[in-house]
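Thank you all for coming; I would like to walk you through one model this morning, beginning with its internal spaces and ending with a few local details. Please have the sequence and the structure open while I talk.

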Amino acid sequence: MSEALVSVEDLSISYASEAGDVQALRHANLEARKGEVIGIVGESGCGKSTLASAFINLVAPNAKVTSGAIRFQGKDILKLLESQKRQIRGRHIAMIFQDPMMAFNPVLPLGEQLIDFQEHRHDVPRSEKRARATAMLERVGIPDPAYNLGRFVHELSGGMRQRVAIAAALLMTPEILVADEPTTALDVTMEAQIIHLLRELRSDHDGAIIVITHHLGLIGELCDRVYVMYAGEVVEEGRTEDIYHNPRHPYTKALIDCDPAHLDEPVAFLPTIPGRLPDLVALPSGCSFADRCPIVQERCRTTSPRMIETGPQHRARCHEALR
Amino acid sequence: MLNYAIKRIALALLIIIVVMLAMYAMVFLLPGDPATLALGPRATPALKQELQIRMGLDQPVYVQIWNFFRNAVTGDLGYDVWSKRPVAEMILEVFPKTLFLGVVAIGGALVFGVALGCLAVVWRNTWIDRLLAILSVSMISIPSFVIAIYLLLIFAVWLGWLPAIGAGEAGDPWSQLRAVILPAFAIGITWVGYIARLVRAAMLEVMSANHIRTARAFGLPEHKVITRYALRLAIIPTISILAVGFGSILSSAVFVETVFSRPGIGTLITAAVQKRNFPVVMGTVLFMTAFYLLVVTSADLLMARLDPRVRDVFRG
Ligand SMILES: Nc1ncnc2c1ncn2[C@@H]1O[C@H](COP(=O)(O)OP(=O)(O)OP(=O)(O)O)[C@@H](O)[C@H]1O
Ligand SMILES: [Mg+2]
């Protein structure tokens, strides 16, 4: 097993809000190795985008890192100077943002932005940057790239926008590619095409790809390993097949049971996990999943469970994980 | 884009026609005929008839309207009833002074407004921001005639720093500049507050947009993010407001020119209305309407150039 390319160590992030501090991420540990695709999965509001924003060092203005580090190339990138952080963004760690319609500037042609995004290559003339942008669009399957470089983001279809967003992230051949919900904004056919494109990428990208999604199907198609998040915590991690076939955390089990792809017969309503996420401002003591857990025990309400080794490369944050 | 431009220009022409028809209607719906009104009750019938012929009032209304439009297109706006000078010539003589006043007022408002707006953004949510907010709102809400009169009293009468009346000596830019400061200030100050609020709001909104984060996520330096990604968007609403503002500044000019006894379109039209100098009133209103529409339409077209989304709304 190769060494970690990037590792998140004990990372906690909270947002200041009127109601108090929203603890969006709590003591998260994860790592991505060279050549690996990892998935981060969890329902809406569990802190996925917060984690993604930490990877590119662009947390919201009201966010505070309360503990932990992100190690990349031997340094904690959260502690760098602003100018050093800028050196890493886009060049070493690039992001495919959720909702590409909003992620591009509406009044600049896409080509201009793709040229700007190669900011780091000071020595390279504009014409070459443009050529590179064209080549990248070609690569992600945009027809007539030279023409499309002159268009604005609102003139493209959702699938095309997502392709351009992927092309943008690939421009600087970053070691780490973070994709936040890369297919959520798309319909089913488009989604299949983008998944296909990402699979192609994974075979010739030698860095790490981090796919963030609430869609288990995407994880199954793309990822080597999975981290399951709940209420700001990593509650289970393991190889994709282990997570699928032998989930140890009740939340993971519930997620899999709710996945439409797992239904054997047509149903009137899609199954959902009963209950809601706990209030991230005032978290309950004990396990944060206790209120929704089908196998909840007395101790779950009082003591927070720790990560328990349940098999090779497989761990879960549950008192009952070994049951 | 061409399509959009043609539509905008057609709309502008339509507005001019409607305004002129409304002007005509107003003149003819007023009791008494214009010639009698102009000459007063003691005029002889012969005199009245002569004036009616001179003003073209002996012809049917639709012929008058048609003639007026036909002549206007060739630049002939008729003749002053009293001095018999061409109206177009009279307008062109004073228009540069009004235009200068308007440009100085709006230019100054733009410079100060954008500066204050940016300051408020840089120091957002601090006491500086709040102070600027109070300042801007006061500038918006104090009527400009109050400001004009106080300015006159303080700077012209008490301190004697700036001239109280006139537009400066012909051919002496320095005296012209000194003469324009007070009137420009009086009309422009409202817009300083307005533009400051607008720029602040637009900038704040743009800076929190996702695409700004994208630009940063690709390592763009902050100055490039602001100038190339944020300002370009934030300036768009400001431009359309400026065009409308320019129209309202031109109409404020009517009274500010009177207060400061400054030759210009405002004083021309006031005098013409008082003397029932019908062709001058008509010609001046037509000219100013056309000019205002020219400004607004160019601003719209400029906006469409800057914002491709607007362009598409009017396409096809
Ligand atoms: N700037 C912010 N200020 C306050 N709270 C925030 C902020 N950004 C996110 N949050 C809160 O932090 C929690 C985690 O948000 P995050 O965006 O990371 O979730 P997510 O897993 O990406 O959800 P989604 O699937 O909807 O994108 C949520 O409860 C959210 O309301
Ligand atoms: Mg998200």
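What is the volume of the largest cavity? Before I answer, let me say that this is a predicted model, and that what I report should be heard with that in mind. The largest cavity comes out at a volume of about 70 Å³, and it belongs to a set of 4 cavities of 30 Å³ or more that a search of the whole structure turns up. If you would like to find it on your screens, its lining is made by A:His249, A:Pro250, A:Cys287, A:Phe289, A:Ala290, A:Cys293, A:Val296, A:Cys300, A:Pro305, A:Cys318 and A:His319. Sorted by class, that lining holds 9 nonpolar and 2 polar residues, and no charged ones.

The second largest cavity encloses about 50 Å³ of space, and here residues of chain A and chain B both appear in the lining, which consists of A:Met95, A:Ile96, A:Phe97, A:Ala103, A:Phe104, A:Ala165, A:Ala168, B:Thr214 and B:Phe218. The elements that contribute two or more residues to this lining are β6 and α7 (158–170) of chain A. By class, we have 8 nonpolar residues and 1 polar residue in the lining of the second largest cavity, again with no charged residue.

Let me turn from the cavities to the open space. The largest pocket holds about 1,100 Å³, and of the 39 residues that line it, A:Leu58, A:Val59, A:Ala60, A:Pro61 and B:Arg216 are the ones nearest its centre. Several elements give two or more residues to this lining, namely α1, β4 (63–72) and α2 (82–88) from chain A, and α5 (87–122), α8, α9 (210–217) and α10 (222–259) from chain B. Among the contributors, α1 of chain A gives the most, with 5 residues. The composition of the pocket lining is 22 nonpolar, 7 polar and 10 charged residues.

Now, the packing. In soluble globular proteins, nonpolar side chains tend to be buried together. In this model the largest nonpolar core counts 144 residues, and the members that touch the most others are A:Phe104, A:Leu114, A:Phe117, A:Val164, A:Ile166, A:Val228 and A:Tyr251. The element that gives the most to this core is helix α8 (residues 173–207) of chain B, with 15 residues. Apart from this core lies another, of 39 residues, including A:Ile93, A:Met95, A:Ala103 and A:Ile212.

Which residues does A:Phe117 touch, if we leave out those up to four places away in sequence? Within chain A, its partners are A:Phe104, A:Ala168, A:Leu171 and A:Met172, while from chain B they are B:Thr214, B:Ala215, B:Phe218, B:Leu220 and B:Tyr229.

A few words on chain B as a whole. Chain B has 13 helices and 0 strands, and its C-alpha atoms fill a box of roughly 85 × 60 × 35 Å along the principal axes. Of its 316 residues, 45% are buried. Where contacts in chain B join residues at least 6 apart in sequence, 69% of them link residues at least 24 apart.

The next stop is the magnesium ion, ligand 2, which is coordinated by the OG atom of A:Ser49 and the OE1 atom of A:Gln98, at 1.9 to 2.6 Å. These two residues are 49 residues apart and come from distant parts of the chain, with A:Ser49 in helix α1 (residues 48–55) of chain A and A:Gln98 in the loop between β6 (93–96) and α3 (100–103) of chain A. Are these two ligating residues buried or exposed? Neither label quite applies, because A:Ser49, at 33% relative accessibility, counts as partly exposed, and A:Gln98, with a relative accessible area of 32%, is also partly exposed.

Finally, two backbone details that I would ask you to inspect. A:Asp144 has a phi near 45°, a positive value in a residue other than glycine; A:Asp144 sits in the loop between α5 (126–139) and α6 (145–149) of chain A, and at 49% relative accessibility it counts as partly exposed. A:Gln313, with a phi near 55°, is also a residue other than glycine with a positive value. A:Gln313 lies in the loop between β11 (307–311) and β12 (314–317) of chain A, and it is partly exposed, its relative accessible area being 30%.

Technical notes:
Residues numbered from 1 in each chain as written. Chains lettered and ligands numbered in written order. Predicted model: local features only at pLDDT ≥ 70, side-chain atom pairs only at ≥ 80, totals over all residues. Heavy atoms only, no water. Donors = N, O, S within 2.8 Å, 3.2 Å for Na, K, Ca; no water. Helix = DSSP H or I, 4+ residues; strand = E, 2+ residues; numbered from the N terminus. Buried < 20%, exposed > 50% of the residue type's maximum accessible area, 1.4 Å probe, protein only. Core = buried A, V, L, I, M, F, W, Y, C linked by side-chain atoms within 4.5 Å. Contact = heavy atoms within 4.5 Å. 1 Å grid on protein atoms, 1.4 Å probe; cavity = no way out; pocket = protein on both sides within 12 Å on 5 of 7 lines; lining within 4 Å. Points joined across faces, edges and corners; volume = space filled by probe spheres on them. Nonpolar A, V, L, I, M, F, W, Y, C, P; charged D, E, K, R; others polar.
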